[in-house]
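Where does this protein leave open space, and which residues line it? Look at the model with that in mind.

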Amino acid sequence: MPTERDVLLRGLEAFAELGYDRASARELARRLGVSHVFINDRYGSKAAFWRAVVDAALGAQLTRMTPPPPGSEDEAVVRQFVLEFYRIHIDEPRLALLMEDAFARDTERLDYLYQRHIEPTLALVVPSIERLMASGRIARVPMDVLFFAITAPVSGLMHEALARRLGRPEHLPRAERLARAEALAGLVMDGLLAPGGAKPR
C-alpha cells in the first residue's frame, strides 16, 4: 500500500496530466496502485481527493510566500513575490497544469482554489501593488489584468517540449532552471514598472 504522501503525489500527477474530468476514479486507482474503492473509502469522493491533492501540493509550496517584514519597500516586496511564484513552478511544474484545468471553468473547484489558496496569497502583495499604482510606479490597471500579466509567463517555465525547440537544453540542473525563473521575474517586473521609474535592484 502506498504512503499518504505517495498517494497525493500520484494524484497530483494524474490530475495535472488528465485534468479533473478525465481522471476517473478507476484510472486514479490504477495510477495509485490501490483498489477501485480506495478513494471513496479514504477521502469520500473524487472531489474530496482533488481538494486533498491541492492542499498538499499548494500548501507545501505556498508556505514559502511569507508576509513581508515590516518596513519593506513595496517594489522589493512585489519583486520577491513574483520571483518566488516562478521558483515554486520550477520545483513543482505540475501545479500550473492542475490550476490551468481548474481555471478553465466556473466550478466549485475554482472556488476552493481561489478562496483557500489564491486569495490569501495575493493578500500578502496586493497592498504593495496598490501603493505602487497610487505612486505611479505601476500603471493603474484592473487587478485581473495585473494577475494574468504576472502568472501567464509561468508557461515558459513548464512547457519543456516547446522550450527545447526554442533552444533550451535538455535536463537543465535546478540552478540553471532557477536562473531562468529569476530572469523571467526580472523581465516581468521591469515591464510592469513605469519607464524611468525603476529603482536599481
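What follows covers two pockets and one loop residue.

The model is predicted: local features need pLDDT of at least 70, side-chain atom pairs count only at pLDDT 80 or more, and totals for chains, interfaces and linings use all residues. Residues are numbered from 1 along each chain as its sequence is written, and side-chain values use heavy atoms, without hydrogens or water.

Start with the largest pocket (on a 1 Å grid over the protein atoms alone, an open set of points where a 1.4 Å probe fits, with protein on both sides within 12 Å along at least five of seven lines). About 450 Å³ of space lies there; the volume is the space filled by probe spheres set on the points, which are joined across faces, edges and corners. Its lining (residues with an atom within 4 Å of a point) counts 27 residues. Phe85, Met99, Phe103, Phe147 and Thr151 lie nearest the centre.

Several helices (DSSP runs of H or I, at least four residues, numbered from the N terminus) build this lining. α4, α5, α6, α7, α8 and α9 each supply at least two residues. α9 gives the most, with six. By class, 21 lining residues are nonpolar (Ala, Val, Leu, Ile, Met, Phe, Trp, Tyr, Cys, Pro), one is charged (Asp, Glu, Lys, Arg) and five are polar (the others, including Gly).

The second largest pocket holds about 220 Å³. Of its 14 lining residues, Thr66, Pro68, Val77, Gln80 and Phe81 are closest to the centre. Nine are nonpolar, three polar and two charged.

Finally, find histidine 171 in the loop between α11 and α12. Its phi is positive, about 55°, although it is not a glycine. Histidine 171 counts as exposed (over 50% relative accessible area, 1.4 Å probe, protein chains only) because its relative accessibility is 75%.

Conventions: Buried < 20%, exposed > 50% of the residue type's maximum accessible area, 1.4 Å probe, protein only.
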